[in-house]
Each structure stands twice: as structure tokens, then as C-alpha cells.
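Trainee: I would like to go through this model step by step. Where should we begin?

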Amino acid sequence: MTAARDPLRRLKDDTADLHREAELHVRILDADATLTDYRRYLAAMLGYHAPLEDRLGAHAGLLAVGFAAAERRKSPMLVADLGVLGEDPSTVPRCAALPSTASLASALGVAYVLEGSTLGGRYILAKLPPALTVLRGRATAFLAGYGPDTGARWRAFAAVVTRVVSTTEAEAEAVLAARATFTRLIDWLAPRTRAAGQALREAS
Ligand code: HEM
């Protein structure tokens with residue numbers, strides 16, 4: 001007897017190494033993280049999320065299977081947070097090296113990373129270091145994600161993935177896309193967050 005297919009388990013297990021790597025590039029939980037680190041993090045995340053959300057929002061396949069990506073954009077939250085911190089979001093560079101969303105399975109793999117990160121956001125929000133706790137409730141819309149609806153929205157997304165990613169081939173495609181989403185995010189974040197923060201500290 002073969003075990004029941006569990007694409008979400010596969011997505012989680014087969015991207016765990018890259019999740020750990022991504023965490024290294026998010027400086028905002030370090031004990032000495034500064035407001036500058038936080039601003040850089042938000043700007044880098046906006047530069048990655050905005051163009052990727054444009055793609056997912058316009059994906060007819062996703063809509064057809066009941067996933068309204070346009071209603072799940074996190075970039076307006078990033079724009080709001082940056083605005084509170086006095087940053088002009090329109091000047092933030094946008095990432096052009098995005099993962100492919102051509103097939104439905106790959107679009108769901110990409111969406112897995114953006115949706116799953118709302119689960120981690122709540123954890124990060126609760127663990128902010130001293131210099132950043134004053135921002136809670138003021139400039140933390142992105143980390144708060146869907147707030148009290150986070151669990152329900154994640155389960156709704158998970159139900160779509162479980163229903164649609166129903167073959168070995170589709171599962172492999174979704175995993176590949178999720179891995180590419182993490183890898184490209186890491187490549188995008190690396191020069192913009194930790195390295196930049198370190199350079200600043202070393203210079204001071
Ligand atoms: C300091 C940085 C980060 C920390 C501490 C962190 C922490 C966490 C935690 C605690 C969870 C599990 C939450 C739960 O199951 O209720 C989680 C899930 C997740 N995070 Fe992160 N995260 C970080 C950065 C990121 C980034 C940058 C991304 C990509 C945009 C990301 C994507 C995900 C995904 C996809 C999941 C869902 C895993 C699953 O259950 O399948 N995380 N994170």
C-alpha cells in the first residue's frame with residue numbers, strides 16, 4: 001500500500017534547507033538589529049514580493065482552481081510599513097530574476113513560499129529585539145500578515161495545493177518552483193540585508 005500523497009509535507013521537507021539559509025539573511029531577529037536593518041529588510045522584501053505578486057495575481061490558472069492570489073498581496077503591507085518609516089516605496093528596486101510561474105504546479109510552489117512565510121511572520125513579530133519592539137503595531141503590518149485570519153487562510157491555501165497537486169510530476173514541479181523561489185529570494189536579499197548591515201556596523 002502506498003502512503004497518501006502529501007504535497008505540503010513534501011514542500012516543507014524539501015525546502016527546509018533553503019528556509020534555514022533564508023533565515024541567515026534576515027537580520028531583524030539579531031539582538032543588535034537596528035531600525036536601518038529593519039528598513040532594509042522591508043525594502044528588499046518589497047522588491048521581491050511586488051513583481052512576483054503581479055505575476056501570481058494575473059495567473060488565470062490559479063484563479064480557476066480557487067486561489068485568488070490578488071487578494072493575498074503582502075506588498076501593500078510592506079508599502080505601508082515603509083511609509084511609516086519615512087521611506088518612499090516607489091524608489092525601491094524591483095527584482096527581475098523571478099522564479100517561473102508558467103505551469104499551475106509551479107505557480108502553487110511559488111505561492112507556497114509567500115503564503116508559508118505568513119506563519120513565520122507571527123513568530124518573528126513576537127521575537128523582535130529591543131530596538132525594534134517600539135515598531136510593533138506601527139510599522140509591522142507585513143510581519144503581522146493576515147493577523148487572526150492567518151491560520152484559516154493558510155488552511156484554505158493548503159486545501160487548494162492538496163487538491164490540485166495530485167500527481168508525482170506536479171509535486172516535483174511545485175517543489176522545484178518553491179526551491180527556486182527561496183534561492184532567488186536569498187540571492188536578492190544577500191547583498192541587501194545582512195551584508196549591508198554588517199558593512200554599516202563595520203564602518204561605524
Ligand atoms: C528570521 C527569519 C525567519 C524565521 C525566524 C522564520 C520562522 C518560521 C517559523 C517559526 C515557521 C513555522 C510557523 C508555523 O508552523 O506556525 C516558518 C514557516 C515558514 N516560513 Fe519562515 N522564517 C523566517 C524567514 C522566512 C523567509 C524569508 C521566508 C520566505 C519568504 C520564509 C518562508 C516560510 C515558509 C514557506 C514557511 C512554511 C513552512 C511549512 O509549514 O510548510 N520564512 N518560518
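Mentor: Begin with a definition: helices (H or I, at least four residues) and strands (E, at least two) are DSSP runs, numbered from the N terminus. Keep in mind that the model is predicted.

Trainee: How many helices and strands does the chain have?

Mentor: From the N terminus on, the elements read α-α-α-α-α-α-α-α-α-α. The secondary structure therefore comes to 0 strands and 10 helices.

Trainee: What is the radius of gyration of the chain, and how does it stand against the globule rule?

Mentor: For 204 residues the globule rule gives 17 Å, and the value for the chain is close to that, so the chain is as compact as a globular protein of that length. Along its principal axes the C-alpha trace spans about 60 × 30 × 30 Å. The radius of gyration itself is 17 Å.

Trainee: What share of the contacts with a separation of 6 or more comes from residues 24 or more positions apart?

Mentor: Contact here means heavy atoms within 4.5 Å. Counting the contacts in the chain with a separation of 6 or more, the share from residues 24 or more positions apart is 84%.

Trainee: Is T181 buried or exposed?

Mentor: T181 belongs to helix α9, residues 168-189. The cut-off for buried is under 20% relative accessible area. T181 has 0% relative accessibility, so it counts as buried.

Trainee: Which residues does T181 touch?

Mentor: Leave out residues up to four places away in sequence. What T181 then touches is Y48, L52, P99, V110 and V113.

Notes: Residues numbered from 1 in each chain as written. Predicted model: local features only at pLDDT ≥ 70, side-chain atom pairs only at ≥ 80, totals over all residues. Heavy atoms only, no water. Rg over C-alpha atoms; globule rule 2.2 N^0.38 Å. Buried < 20%, exposed > 50% of the residue type's maximum accessible area, 1.4 Å probe, protein only.
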